[in-house]
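The following note sets out points for discussion on the structure shown below. It is arranged as numbered paragraphs, beginning with charged pairs and ending with the chain as a whole.

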Amino acid sequence: MTQTNAGGTTPPNVAATATQSVPLSRNHPMVIGIYGPENALSALVRLPNGKITTVRPGERLRGRQVLAIDSKGLILAHNGRQERLALP
């Protein structure tokens, strides 16, 4: 799946990783990306209504507190429990 663009050619392994197919949840938020410096990560989250939002630790996501973001996804707190919202 090599693609050519104005900047050059995308290596096949990069194109394959960047274009993985994952079923979209229509009932729950879904992490679609993690970005930023390691000590200040942010996450892109697709909400059930299709809206894309950015969250950071300390913010709220659908009534849950974002405790942390790491390379595997988000750690959320709700009603005294912690849960992970993982990257697919």
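1. Arginine 56 has a relative accessibility of 39% and is therefore classed as partly exposed. Its salt-bridge partner is glutamate 59, with 3.9 Å between the closest N and O atoms. Since a salt bridge requires a side-chain nitrogen within 4 Å of a carboxyl oxygen, the 3.9 Å of this pair satisfies the criterion. Glutamate 59 is likewise partly exposed, because its relative accessibility is 30%. The model under discussion is a predicted one, and the distances should be read accordingly.

2. How many salt bridges does the rule give? The count is 3. Besides the pair of arginine 56 and glutamate 59, there is a salt bridge between glutamate 83 and arginine 64, whose closest N and O atoms lie 3.0 Å apart. This pair connects distant parts of the chain, as glutamate 83 belongs to strand β9 and arginine 64 to strand β7, with their positions 19 residues apart in sequence. Glutamate 83 is partly exposed at a relative accessible area of 29%, and arginine 64 falls in the partly exposed class at 26%.

3. Arginine 84 and aspartate 70 form a salt bridge in which the closest N and O atoms are 2.8 Å apart. Because arginine 84 is in strand β9 and aspartate 70 is in strand β7, the pair ties together parts of the chain 14 residues apart in sequence. Arginine 84 has a relative accessible area of 39% and is partly exposed; aspartate 70, at 26%, is partly exposed too.

4. The strands that carry these residues belong to an open sheet of 4 strands, ordered β6-β7-β8-β9 and paired antiparallel. Which strands stand at its edges? They are β6 (60–61) and β9 (81–86); each has a single partner strand, so one side of each lacks a neighbour in the sheet.

5. Within this sheet, strand β7 (residues 64–70) runs antiparallel to strand β8 (residues 73–78), and 5 bridges join the two. One register point can be given by name: glutamine 65 has alanine 77 of β8 as its bridge partner.

6. The largest nonpolar core contains 12 residues, namely Val31, Leu41, Ala43, Val45, Leu47, Val55, Leu61, Val66, Ile69, Leu74, Leu76 and Leu85. At least two of these core residues come from each of β4 (42–46), β7 and β8. In soluble globular proteins, nonpolar side chains tend to be buried together.

7. Leucine 76, a member of that core, deserves separate mention for its contacts. Leaving aside residues up to four places away in sequence, leucine 76 touches Arg64, Gln65, Val66, Leu67, Arg81, Gln82, Glu83 and Leu85. Among these contacts are Arg64 and Glu83, the two residues joined by the 3.0 Å salt bridge. Val66 and Leu85 also appear in the contact list, and both are part of the largest nonpolar core.

8. As to the chain overall, the protein chain has 1 helix and 9 strands, arranged along the sequence as β-β-α-β-β-β-β-β-β-β. Of its 88 residues, 23% count as buried. For contacts between residues at least 6 apart in sequence, 19% join residues at least 24 apart. The accessible surface is about 6,100 Å², with 51% of it belonging to carbon and sulfur atoms.

Notes
Residues numbered from 1 in each chain as written. Predicted model: local features only at pLDDT ≥ 70, side-chain atom pairs only at ≥ 80, totals over all residues. Heavy atoms only, no water. Pairing = 2+ DSSP bridges. Buried < 20%, exposed > 50% of the residue type's maximum accessible area, 1.4 Å probe, protein only. Core = buried A, V, L, I, M, F, W, Y, C linked by side-chain atoms within 4.5 Å. Contact = heavy atoms within 4.5 Å. Areas by Shrake-Rupley, 256 points an atom, 1.4 Å probe, with all protein chains shown as cover.
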